Structures are given as structure tokens and as C-alpha cells.
Amino acid sequence: MRGRLLKSLFSLGIALFFLGILLTTLVWYNGNNNVETRQLSFQKKRAPPPSELCKGCRHVIDKVRERYNKTWIKQVDDYLKFRSQLSRKCHGFDSAFITQDNTPVGAKIVYDGEKTRTLQVTPEIFSTFPKEHPFSNKIWGTCSVVGNGGILSNSSCGKMIDSAEFVIRCNLPPLDNGYENDVGIKTDLVTANPSILIKKYGSLQQRRRPFVESLRSYGNSLLLLPAFSYGFNTPLSLRAVYSIEDFKSPTRPVFFNPEYLESLGLFWRSRGLKAVRASTGLMMASLALEHCTDVHLYGFWPFGNHPQGLHALTNHYYDDALVNKRVHAMPVEFEFLLQLHSQGVLRLHLEDCQPGEK
């Protein structure tokens, strides 16, 4: 009896022993499977190497770097020649903005984006114009024109941008929430594309406070609006002006003169630009070249990879929204700006800045 009992216990022990081995094996197998799954999942999220990211643009970027990496020297004669050509054709000194001096009551405005559309200036519209050009015949020593390209992310260029006497920004870009170190905060002039007012602020048809509060980042800067480029721009731009007045914002709204934009378009088309319309960045760079001795461009980089590290970039430093390629030709515009950089007319910044650099 005792022998059978011992034999049974021994058999049970053997069974439990092998069951334990089986369970251990299953746990180990499942654990290893989980690790492998996590590793595969992680690998799928990793960014591809630069060679895969660049594909068609690698050759272009190499050519740009070859030209850009040459020592930059300001060529005063070439700068003065180009500024003279620009001023003679476009007259930005006198006519870049609509004013009460150059556009009186009763004047007929021809829209630069719709040549058959005109508007006769009424006393109400006239009252929204500044009395005179906000900086007629003014020349600044240094100007920063800040595009919104993803190349500015982690660039540490904020202090260098802000060190300029006059700072121009494009299309109401965000300056807070940690962007200050890369793009700075100083603003003397900022543009507002109507599409932003439509998408972000509901065409200012309902609540307008969010729009006015967003302008606080820019202090008492000029807010430049293309009110007379297309018909739908006019009521939208006027609502922006009235919102600024109603909420007593220190921002100073001004309107692009469509005659200036028409002349500027002809100027760049004569040099080979075939796009439907010049980008805001090219417009601002052109305006700066008439008003500034030393023009520095930041955030002007139209490609999806950084020119130095070749790592992937978002389209803007604050989002990855795509450019409307049917309207603008960013790579072509960049080529024009790179030529002016190579000629010593203006300075493109395509590298990160040293922290604290001015």
C-alpha cells in the first residue's frame, strides 16, 4: 500500500515537473514574441535615412550647397544696381501701400489679380487708409525678412533675427509656445493672407476677438493686407480693419497698393518667373531691398530636407500644410534669391545660428 502511494506521488511529481517546464517555455515564447513585435513596430516608425528621403532632391541640394558655402561678401555696386532697377520699375518707396495721399476719394482702384474688376473709393473706404506712406523714403541699415519654412525649426536664429533694425514676417506666424528661440519675437510688419482669415477665423463673420487677440504677439506692428488683389479680399480686409478698431488693438492695418503688386509681378516675370503670382515671401524680400541696406532672409527653403543635415523638414516651422503649387513656384523663386545671394545683393541664411548669436 505504502509502495503504491509513493509510486503515485513520484509520478505526480514528475508530471508537475514537466508541466512547469512547459509553462516556462510558453511564457518565454510569448515574452519573446512581444519584444519582437514592439521592436518591429518601433522600426516602422523610424524615419528613413536621408538617402531615401531626398531621392530627386539630393542632387539639387548638393548643387545649392556648392554655391551657398562659398564665402559671402556684400557687393555694394551690385546691390545698388539691383535696388535701382527695382525702384525704377516698381516704385515701392512711394506706392507700395495705399494711402490717402496716393488714392483720394473717387479714385478708381484696379485689382491686380482680377484686371477687369475695379472699385471706386468711397469716403468710408478712404477713411481706412493711412494719411501717408508709413515709411516713405525711409532706409534701414539691416532688415530681417522671415519666411516660415521648416528650416527654422531648432535653428536658434531668434536673437539674430531680432537684432535687425526692421523685422518683416509673413502670414501671421506663431511666435510664442517655444518658437521664440528659433524665430524671435520682434515684428515691425506682418502680412495676413486672406486664406488664413477665412480658415482660422471664419472670415471674421462671427467672433472676432480670437483674431484680435492673436495680433498681440506683433505689438504695434503694421498689418499688411492685400485688400484689392481679388474681389473677395476687400470685405474681408475691411472686417479685419474694423475688428482692430473696435477692440482698440495697437496694430496698424495697411493695404497693398495693387498697382505696386502689378508692377512687381511684371518685374519678376521679366526675369523668368512664370508663376501665377509671386509668393508673399518674394514680395517682402523685394520691398525690403528698396528700404534696407542689408537684407537678411530666414526661413526661405522650399525643399523637404535640411540643406546641411539632410534630415526631413516640415513645410512650415509650425505645421506641415502644403503650398498651393498651382499659384506659387517656390523652388523657382528660391533660385532667384540664391542668385541674389551669390551676387552679394542680399544674404540667405540656410544654416543654424549659434545660440545667442547676433
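Is Cys90 buried or exposed? Select Cys90 in this predicted model: at a relative accessibility of 1%, Cys90 counts as buried. Cys170 may be selected next; Cys170 is buried as well, with a relative accessible area of 3%.

**The disulfides**

Display the sulfur atoms of the cysteines. Two disulfides are found in a search of the whole structure. Counted along the chain, the bonded cysteines pair in the pattern 1-3, 2-4.

Begin with Cys143 and Cys292, whose sulfur atoms lie 1.9 Å apart in a disulfide. This disulfide is left-handed because the torsion about its S-S bond is about -75°. The link connects distant parts of the chain, with Cys143 in strand β3 (residues 140-146) and Cys292 in strand β8 (residues 292-298), 149 residues apart. Cys143 has a relative accessibility of 0% and counts as buried. Its partner Cys292 is buried with a relative accessible area of 1%.

Proceed to Cys157 and Cys353, which a disulfide joins at an S to S distance of 2.0 Å. The link of Cys157 and Cys353 is right-handed, with 90° about the S-S bond. Cys157 lies in the loop between β3 and α7 (158-162), and Cys353 lies in the segment after β9 (347-349), so the pair ties together parts that are 196 residues apart in sequence. Cys157 is buried, its relative accessible area being 2%, and Cys353 counts as buried at 5% relative accessibility.

**The nonpolar cores**

Next, select Leu189, Trp268, Met284, Leu297, Trp301 and Leu348. Within the largest nonpolar core, which has 56 residues, these six touch the most other members. Helix α13 gives the most to this core, contributing seven residues.

Centre the view on Trp301. Which residues are in contact with Trp301, leaving aside its neighbours within four places in sequence? They are Ile61, Val64, Ile151, His306, Pro307, Leu313, Phe334 and Leu350. Apart from the core that includes Trp301 lies another core, of 40 residues; its members include Cys157, Leu175, Leu225 and Leu238. Cys157 therefore belongs to this other core and is also joined to Cys353 by a disulfide.

**A serine in helix α13**

Return to helix α13 (residues 280-291) and select Ser286, which lies in this helix. Ser286 is buried, with a relative accessible area of 1%. Where does the side chain of Ser286 reach? It reaches the backbone oxygen of Leu282 at 2.7 Å. When neighbours within four places in sequence are left aside, Ser286 is in contact with Leu86, Tyr260, Leu264 and Trp268. Of these contacts, Trp268 is one of the residues that touch the most other members of the largest nonpolar core.

**Two positive phi angles**

The tour ends with the backbone. Most residues other than glycine have a negative phi.

Select Asn171 in the loop between β4 (166-169) and α8 (180-183). Asn171 is not a glycine, yet its phi is positive, at about 60°. Asn171 is buried because its relative accessible area of 18% falls under the cut-off of 20%.

Finally, select Lys248 in the loop between α11 (233-246) and β7 (252-255). Its phi is near 55°, a positive value in a residue other than glycine. Is Lys248 buried or exposed? Lys248 is exposed, since its relative accessible area of 72% is over the cut-off of 50%.

Note on methods. Residues numbered from 1 in each chain as written. Predicted model: local features only at pLDDT ≥ 70, side-chain atom pairs only at ≥ 80, totals over all residues. Heavy atoms only, no water. Helix = DSSP H or I, 4+ residues; strand = E, 2+ residues; numbered from the N terminus. Buried < 20%, exposed > 50% of the residue type's maximum accessible area, 1.4 Å probe, protein only. Polar contact = N/O pair within 3.5 Å; in protein donor to acceptor, adjacent residues only side chain to side chain. Contact = heavy atoms within 4.5 Å. Core = buried A, V, L, I, M, F, W, Y, C linked by side-chain atoms within 4.5 Å. Disulfide = S-S within 2.5 Å.
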